[in-house]
Amino acid sequence: EGPVFVGGDNTDSVILEIEEGTIIFGRSGADYLVVSRGSQIEAMGSVSAPILMTSYNDVLGDVVGAGQWGGLVILGNAPTNACEVGDATCSIQVEGVQEGAVYGGVDSTDDSGTLNYLVVKYAGFEIAPDNELNGITFGGVGSGTTVENIQVHANADDGIE
């Protein structure tokens, strides 16, 4: 419950490994998963056993709908057009997440991990006008990151940003 951070901002870096067939759920819009700069997510599902990130209602078989939990946020050290070219101190606050969840840098090949056969359902949440969580939010994620076979289903706001 609440925000879950994988690693600190380029400190205490870790790799979050999620096995195929795993179900991760949130109970409210305040529940979301953030992979911080310098850390990685290895979410390696399969055709027969995808990884599912969804709402608690979905797990229980109750009424489901968009915005029942926050979503997945992945932050990296790659350049962004919100910073000056070559600015190694670039730190842009990501939308929808508490203060200090930042992205940006100078490593265009930054590797934030792998998403493969991942389904995100019933996510997205409006924190304030023009400040929302999405199904999956990518911020400053570099070309070393692999994203294949993903689906965002019945999401509030953007499916992928």
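**Side-chain contacts and overall fold of the predicted chain**

In this predicted model, Lys-121 has a relative accessibility of 18%, which falls under the 20% limit, and the residue therefore counts as buried. The side chain of this lysine meets that of Asp-58 in a salt bridge, with a nitrogen-to-oxygen distance of 3.2 Å. The two partners come from distant parts of the chain, since Asp-58 belongs to helix α1 and Lys-121 to strand β10, which covers residues 113–121, and 63 residues separate them in sequence. This is one of three salt bridges that a search of the whole structure finds.

The chain in which these contacts are set consists of one helix and 14 strands. Its radius of gyration is 15 Å, close to the 15 Å that the globule rule gives for 161 residues, so the chain is as compact as a globular protein of that length. The C-alpha trace spans about 50 × 35 × 25 Å along its principal axes. Of the 161 residues, 45% count as buried, while the area exposed by the chain amounts to about 7600 Å², of which carbon and sulfur atoms supply 49%. When contacts with a sequence separation of 6 or more are considered, 78% of them are accounted for by residues 24 or more positions apart.

A second salt bridge joins Asp-9 to Arg-37, the closest nitrogen and oxygen atoms being 2.6 Å apart. Asp-9 lies in the loop between β1 and β2 (15–18), and Arg-37 in the loop between β4 and β5 (40–44), so that this pair ties together parts of the chain that are 28 residues apart in sequence. The partners fall into separate accessibility classes: Arg-37, at 5% relative accessibility, counts as buried, whereas Asp-9, at 32%, counts as partly exposed.

The third salt bridge is formed by the side chains of Arg-27 and Glu-1, at a nitrogen-to-oxygen distance of 3.2 Å. It, too, links distant parts of the chain, with Arg-27 in the loop between β3 and β4 (32–35), Glu-1 in the segment before β1 (3–6), and the two positions 26 residues apart. Glu-1 has a relative accessibility of 78% and, because this value is over 50%, counts as exposed; Arg-27, by contrast, counts as partly exposed at 46%.

Arg-27 takes part in a further arrangement in addition to this salt bridge, since it lies over the face of Tyr-56, at 4.0 Å from the ring centre. The ring of Tyr-56 also has an aromatic partner. A search of the whole structure finds one aromatic pair. This pair is formed by Phe-25 and Tyr-56, whose ring centres lie 5.2 Å from each other and whose planes make an angle of 35°, an arrangement classed as tilted. Phe-25 is located in strand β3 (residues 23–26) and Tyr-56 in helix α1 (residues 56–60), so the pair connects distant parts of the chain, 31 residues apart. Both rings belong to residues in the partly exposed class, with a relative accessible area of 38% for Phe-25 and 26% for Tyr-56.

Taken together, these contacts place helix α1 in two of the links described. Through Tyr-56, helix α1 is paired with Phe-25 of strand β3, and through Asp-58, helix α1 is linked to Lys-121 of strand β10. Arg-27, in turn, both lies over the face of Tyr-56 and meets the side chain of Glu-1 in a salt bridge.

Note on methods. Residues are numbered from 1 along each chain as its sequence is written. This is a predicted model: local features need pLDDT of at least 70, side-chain atom pairs count only at pLDDT 80 or more; totals for chains, interfaces and linings use all residues. Side-chain values use heavy atoms; hydrogens and water are left out. Helices (H or I, at least four residues) and strands (E, at least two) are DSSP runs, numbered from the N terminus. The radius of gyration is taken over C-alpha atoms; the globule rule is 2.2 Å times the number of residues to the power 0.38. Buried means under 20% relative accessible area, exposed over 50%, partly exposed in between (1.4 Å probe, protein chains only). Contact means heavy atoms within 4.5 Å. Accessible areas come from the Shrake-Rupley method with a 1.4 Å probe; for residues, only the protein chains shown count as cover. Rings of Phe, Tyr and Trp (its six-membered ring) pair if their centres lie within 6.5 Å; planes under 30 degrees apart count as stacked, over 60 as edge-to-face and the rest as tilted. A charge sits over a ring if NZ of Lys or CZ of Arg is within 6 Å of the ring centre and within 35 degrees of the ring normal. A salt bridge is a side-chain nitrogen of Lys or Arg within 4 Å of a carboxyl oxygen of Asp or Glu.
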